[in-house]
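Reader: Please take one part of this protein and go through it closely. I would like the surroundings of the chosen residues set against the chain as a whole.

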Amino acid sequence: MTIKPLIILPDPVLRQTSQPVATVDDQVRRLADDMLETMYDAPGIGLAAIQVGEPLRMMVIDISKEDEERAPRIFLNPEILGTSDTLSTYEEGCLSIPDYYAEVERPAEVTVRYLGLDGKLHEETADGILATCVQHELDHLNGILFIDHISKLKRDMVVKKFTKAARRATA
């Protein structure tokens, strides 16, 4: 397994729409392993393939606590079939926007259909932090960042900060 470099804001790659995974093969399984290793190393609880420069509709999630056994989940070609009317607010962060957190309101429950590494379709209803994480990572697959769900003023400040940092890093 390989820890891959993370794509950081303001890299335009993060705004790309990811393409469906065509077949579940060894290359996809290897990418899933690498993504999990990268996510655990960061550390984080979710990672979309685009965040490591792979424009595939693929995401990994593990919401287990530090003192619990790891429970990695891999979602290929995920799609949300339905959402609850009830909303919940979580303080979200993102491995591609390090050290920035903001409260985001999203549906409290989602029903998601996805392809597993077993090549079979799965469907489940998620709530709590898993529902938030599924929506956050699925947004990545559509070129949307969690900062797109906060006020324009706050979003502009974050983008400006990361753009300046990127310029300094390349100077």
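**A buried histidine and arginine**

Author: Of the 171 residues in this predicted model, 42% count as buried. The part chosen here is built around two residues of the protein chain, histidine 136 and arginine 106, and both have low values: 7% relative accessible area for histidine 136 and 4% for arginine 106.

First, the setting. The protein chain has three helices and seven strands. Their order along the sequence is α-β-β-β-β-β-β-β-α-α, and the two residues sit on elements of both kinds: histidine 136 belongs to helix 2, residues 128–141, while arginine 106 lies in strand 5, residues 97–107.

The overall dimensions can be stated briefly. A compact globule of 171 residues would have a radius of gyration near 16 Å, and the protein chain agrees because its own value is 16 Å. Along the principal axes, the C-alpha atoms fill a box of roughly 45 × 40 × 35 Å. Among contacts with a separation of 6 or more, 64% are between residues 24 or more positions apart.

Now the histidine. Histidine 136 counts as buried because its relative accessible area, 7%, is under the 20% cut-off. Its side chain is joined to that of glutamate 92 by a polar contact of 2.7 Å. Apart from residues up to four places away in sequence, histidine 136 touches Glu92, Gly93, Cys94, Arg106 and Phe146. Arginine 106 is thus on the contact list of histidine 136.

The arginine has its own polar partner. Arginine 106 is also buried, since 4% relative accessibility falls under 20%. The side chain of arginine 106 makes a polar contact of 3.1 Å with the side chain of aspartate 139. With neighbours within four places in sequence left aside, the contacts of arginine 106 include Thr86, Leu87 and Ser88. Also among them are Thr132, Gln135, His136 and Asp139, together with Phe146 and His149.

The two contact lists can be read together. Glu92 and Phe146 appear among the contacts of histidine 136, and Glu92 and Phe146 also appear among those of arginine 106. Glu92 is the side-chain polar partner of histidine 136, whereas the polar contact given for arginine 106 is with aspartate 139.

For the chain as a whole, there are 19 positive and 29 negative side chains, and the centres of the two sets lie 9 Å apart. The accessible surface is about 9,400 Å², with 50% of this belonging to carbon and sulfur atoms.

Terms used. Residues are numbered from 1 along each chain as its sequence is written. This is a predicted model: local features need pLDDT of at least 70, side-chain atom pairs count only at pLDDT 80 or more; totals for chains, interfaces and linings use all residues. Side-chain values use heavy atoms; hydrogens and water are left out. Helices (H or I, at least four residues) and strands (E, at least two) are DSSP runs, numbered from the N terminus. The radius of gyration is taken over C-alpha atoms; the globule rule is 2.2 Å times the number of residues to the power 0.38. Buried means under 20% relative accessible area, exposed over 50%, partly exposed in between (1.4 Å probe, protein chains only). Contact means heavy atoms within 4.5 Å. Accessible areas come from the Shrake-Rupley method with a 1.4 Å probe; for residues, only the protein chains shown count as cover. Lys and Arg count as positive and Asp and Glu as negative; His and the chain ends are not counted. The place of a charge is taken as NZ of Lys, CZ of Arg, CG of Asp or CD of Glu. A polar contact is a pair of N or O atoms within 3.5 Å; within protein, one must be able to donate a hydrogen and the other to accept it, and residues adjacent in sequence count only if both atoms are side-chain atoms.
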